[in-house]
Structure formats: C-alpha cells, structure tokens
Amino acid sequence: MIKHVNPILLKGIRVYSEKEMIKNGFIKIKDQKIIEIGSIDALIDEDEFEVIELPAYYKAIPGFIDVHIHGVNGADTMDATKEALDTMVTALPKEGTTSFLATTMTQEGKQIENALKNVAQYIEKQPSQGKAEILGLHLEGPFVNAKRAGAQPIQHIVDPDLALFKEWQTMTNGNIKLVTLAPERPGGLEMIRYLKENGIIASIGHSDATYEEVGEAIEAGANHVTHLFNQMRGLHHREPGVVGAAFLRDELIAEIIVDGVHVRPEMVELAYKQKQSDGLILITDSMRAKCMKNGKYDLGGQEVTVQDGKAVLADGTLAGSILRLGQAVKNIVNYTGCSLENAIEMASVNPAKQLNVFERKGSLAEGKDGDIVILDKNLEVFMTFCRGELAFKKEEN
Ligand SMILES: [Zn+2]
C-alpha cells in the first residue's frame with residue numbers, strides 16, 4: 001500500500017548524480033521516485049512541491065546499501081520477530097542506509113529457519129516508504145569453516161548442504177540473495193555452482209581456503225568475499241589465500257569493515273590500492289549494540305561486551321561491529337584520501353550492481369527510487385529519504 005507523501009523539491013545543494021556532480025542543483029521527488037535532477041538555472045514548475053532549501057555546501061548522494069548487517073538498536077535478524085525488523089528499518093536511515101540485506105548467523109537449524117521465514121514474511125508487507133528497505137537475506141553460515149569461525153558458534157557449523165539450502169530458499173520465497181560459505185569444505189563447490197545458476201551471490205568467507213581453492217571457487221561461480229581480512233588466513237608470500245586472491249582476481253568484489261578496529265587503516269589503504277573503488281563494498285557487519293550504550297549484549301547465545309567502539313566475546317574475539325555505514329564512508333575518505341565519488345561507489349553503486357538492483361537503486365538518476373542522503377559540511381548524515389519520504393533529520397543544535 002502506497003501512502004500519500006507530498007512531492008519534494010530539494011534545492012540549492014551539490015548533487016552527486018549518476019552522470020556528474022552539479023554544484024548548485026535540485027532534485028524533484030514524487031511517488032517514491034526521483035523525477036528530475038538538474039542545475040538550479042533550469043528549475044521550473046516548483047508549485048506542487050514541498051520545497052526544502054539546503055545550504056550550498058550540503059551534498060545530496062545516493063542512499064547507502066548494507067549487504068552485511070545483523071542488527072542495530074537492540075534488535076537482531078536472529079530475533080526472528082516483526083518488532084526486530086521494524087526496529088532495524090527505522091534505525092538504519094539515521095546512518096544513511098536506505099536498503100540492506102538482513103543477515104543471519106550460524107545457529108541451530110531451527111533458529112535459522114525462524115529468522116529466514118520471519119524476514120520473508122516481513123518483505124511481503126514491508127513499508128513502502130519512509131523506512132529502509134529490506135532487499136533480501138544474507139545467509140552467513142552455517143556452511144563455513146570451524147577453523148575460521150570468529151563469532152559464529154562452532155557447535156552449529158556444518159558442511160555445505162545443498163538439499164538443506166534449497167529447503168531454506170523455498171521457505172523464504174527465493175529471498176536469500178547472498179550466501180557466505182567456505183568453498184574448501186565438502187560440498188562447497190557444488191553449492192557455489194547452484195548459487196551461480198540461480199542468480200544468488202556466492203561469497204567466500206569464514207574460510208581457510210588456499211589460493212588454489214579460491215581459484216576453483218571462482219571457476220564455480222563465486223564472485224564476492226565476505227569481510228576481507230577478517231576470518232580468513234592472512235596474506236602470506238607462499239600462501240596468498242583468500243586475501244591474495246581477492247587482491248589479484250577482478251572477478252571478486254570484497255566487503256570490508258572500515259571501522260579502524262576490524263582492519264587497521266593502513267590495511268584498508270592497501271586493499272583500496274589493490275581493488276580500487278570498483279572492487280570494494282563497504283559493510284558494517286553490525287550487531288544489536290549499535291546505537292546503544294556500552295555494556296553486555298547477546299550474539300547468537302554468546303555474551304558480547306561492547307566498549308571503546310569494539311564488540312568482543314569473552315575470549316577477545318571480535319563479534320561484529322557497532323559501525324554506522326555513514327561513518328565508514330567518512331573513514332574510507334580519511335584512510336585512503338579517495339574522493340566522495342569513490343566512497344559513493346563503494347557504499348551505494350557497487351552493492352546495488354552486485355545485488356542486481358541498480359536499475360532502481362544505488363545512484364541518483366531520474367526514474368530511480370528516492371533513496372537520498374544529505375551530508376553536511378563535515379560529511380555527517382543530515383537527512384535521509386527512503387523512497388521519497390523523509391526518514392531521518394538530524395536535530396540542529
Ligand atoms: Zn557478519
């Protein structure tokens with residue numbers, strides 16, 4: 001059901017459109033879509049619009065797309081409740097995220113099933129505007145390697161099981177869009193081939209694969225790497241592993257957590273030099289404690305302590321992040337010296353293309369969804385529109 005929202009005219013801002021940057025531009029949004037973008041000199045017919053005039057140095061950029069996020073603001077995909085997803089779609093526009101893949105984690109089969117079914121049901125009736133959009137599911141585990149479990153509970157890890165996956169995909173009405181798996185485990189390559197044939201992204205992650213094993217995975221159809229550097233072997237000069245393969249093989253696009261904790265800034269810079277802006281996707285991999293106070297939280301039945309910008313298990317293992325995607329955009333500009341246009345590629349364009357939704361999301365262009373973020377002069381998220389409706393506005397102090 002589409003509710004009535006006034007057509008909006010954003011005026012006087014820098015517009016980072018798909019084609020070019022317009023210094024003093026405007027955007028018209030109507031019926032959930034961007035209907036016109038242009039330079040202020042070309043602006044006519046303002047009457048029917050609610051006009052939002054912004055300072056000239058504010059920037060309009062496409063909404064961010066997070067392909068790897070578990071939770072925020074006390075809620076987690078694994079809670080398997082409508083309320084949890086309501087919380088997520090409401091909280092994420094605050095960090096500039098306008099669409100995402102709800103991400104599950106390794107748990108007992110029944111619990112994964114509940115989470116999958118819950119998301120699939122939610123997608124059927126999800127809000128049409130004013131909230132972040134759930135584009136589908138990212139299945140992270142249980143088909144991973146126990147040697148690289150990280151915060152995935154080891155007792156529930158299983159080898160890639162295609163029959164089980166098919167059952168789950170049917171349960172979700174085809175809403176699993178991305179699967180993180182360890183290709184070197186028995187059944188791994190067979191699963192990758194099936195995913196590829198069915199238009200599902202096969203991502204190498206929580207994997208101990210060697211360089212050769214990654215080569216076989218690429219041959220089978222893998223084209224994505226889950227949180228580059230984390231939960232894979234380090235780059236070694238005699239065994240390049242997943243990291244070395246990600247650096248060398250253009251077939252692979254790599255997720256990266258740019259919070260300065262999961263990957264040191266210098267390694268982010270190294271990855272950027274290798275992969276460039278078309279080879280990386282910024283993700284948060286955030287857990288429920290994001291936007292909450294320091295303290296103790298649950299992650300898949302394990303106690304997580306959040307302090308000083310880190311979320312860790314009792315043994316010190318990093319357990320997801322509390323990173324906001326808008327912060328990741330700022331961080332990558334700081335760490336690598338890349339342009340805002342490059343950061344937009346990594347936060348919006350690349351995930352949209354990878355998920356096959358670039359015809360309606362991922363850039364500012366006429367006919368696309370009105371998913372728009374306004375950044376202030378410090379590149380902080382000032383406003384977020386989700387499919388044409390204001391979803392967040394920063395309080396002015
Ligand atoms: Zn994750």
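This tour moves through a predicted model, from the zinc site to the strands, the cysteines and the internal cavities.

**The zinc ion**

Begin by selecting the zinc ion together with His68, His70, Glu140 and Asp285, its protein donors. The donor atoms are NE2 in His68 and in His70, OE in Glu140 and OD in Asp285, and they lie 2.0 to 2.2 Å from the ion. Along the sequence the donor residues follow the spacing H-x1-H-x69-E-x144-D. The pair of His68 and Asp285 links distant parts of the chain, with their positions 217 residues apart in the numbering: His68 belongs to strand E6 (residues 64-69), and Asp285 to the loop between strand E15 (280-283) and strand E16 (295-299).

Why is the arrangement of the four donor atoms irregular? The angles they subtend around the zinc ion run from 84 to 169 degrees, whereas a tetrahedral assignment would require all angles to lie between 85 and 135 degrees. For reference, the ideal angle for four tetrahedral donors is 109.5 degrees.

Now colour the two linked donors by accessibility. His68 is buried, at 0% relative accessibility. Asp285 is buried as well, with a relative accessible area of 7%; the cut-off for this class is under 20%.

**Strand E5 and its partners**

Next, select strand E5 (residues 59-62) and strand E1 (residues 8-16), which pair in the parallel sense over two bridges. Within this pair, Val15 stands opposite Ala60 of E5. Then add strand E19 (residues 372-375), which runs antiparallel to E5 and is joined to it by four bridges. Which residue of E19 is the bridge partner of Lys59? Selecting Leu375 shows that partner.

**From E16 through E17 to E18**

Move on to strand E16, which runs antiparallel to strand E17 and is joined to it by five bridges. Leu299 stands opposite Gln302 in E17. The hairpin of these strands has two residues between them, and Gly300 there takes a positive phi near 55 degrees.

Display the side chains of E17 (residues 302-307) to compare its faces. Gln302, Val304 and Val306 form the covered face, while Glu303, Thr305 and Gln307 form the uncovered one.

Continue to strand E18 (residues 310-312), which is antiparallel to E17 and joined to it by three bridges. The bridge partner of Thr305 in E18 is Val312. In the hairpin of E17 and E18, again with two residues between the strands, select Asp308, whose positive phi is near 50 degrees.

**The cysteines**

How many disulfides does the structure hold? The count is zero. Select Cys386 and Cys291 to examine one case: the sulfur of Cys386 has its closest cysteine sulfur in Cys291, 14 Å away, and is therefore too far for a bond. Cys386 is buried, at 0% relative accessibility. Select Cys338 next; this residue is also buried, at 7% relative accessibility.

**The cavities**

Finally, turn to the enclosed spaces, of which there are two with a volume of 30 Å³ or more. The largest cavity has a volume of about 50 Å³. To locate the largest cavity, select its lining: Pro62, Gly63, Ile65, Thr98, Arg360, Lys361, Gly362, Ser363, Lys368, Asp369 and Asp371. Among these lining residues, Pro62 lies in the range of E5 (residues 59-62), which links this last stop to the strands viewed earlier.

Terms used: Residues are numbered from 1 along each chain as its sequence is written. This is a predicted model: local features need pLDDT of at least 70, side-chain atom pairs count only at pLDDT 80 or more; totals for chains, interfaces and linings use all residues. Side-chain values use heavy atoms; hydrogens and water are left out. Two strands pair if DSSP finds at least two bridges between them. A disulfide is a pair of cysteine sulfur atoms within 2.5 Å. Buried means under 20% relative accessible area, exposed over 50%, partly exposed in between (1.4 Å probe, protein chains only). Donors are N, O and S atoms within 2.8 Å of the metal (3.2 Å for Na, K and Ca); water is not among the atoms, so sites may look incomplete. Four donors count as tetrahedral if all angles lie between 85 and 135 degrees; four count as square planar and six as octahedral if opposite donors are over 155 degrees apart and all others between 65 and 115; anything else is irregular. On a 1 Å grid over the protein atoms alone, a cavity is a set of points where a 1.4 Å probe fits but cannot get out, and a pocket is an open set with protein on both sides within 12 Å along at least five of seven lines; lining residues have an atom within 4 Å of a point. Grid points are joined across faces, edges and corners, and a volume is the space filled by probe spheres set on the points.
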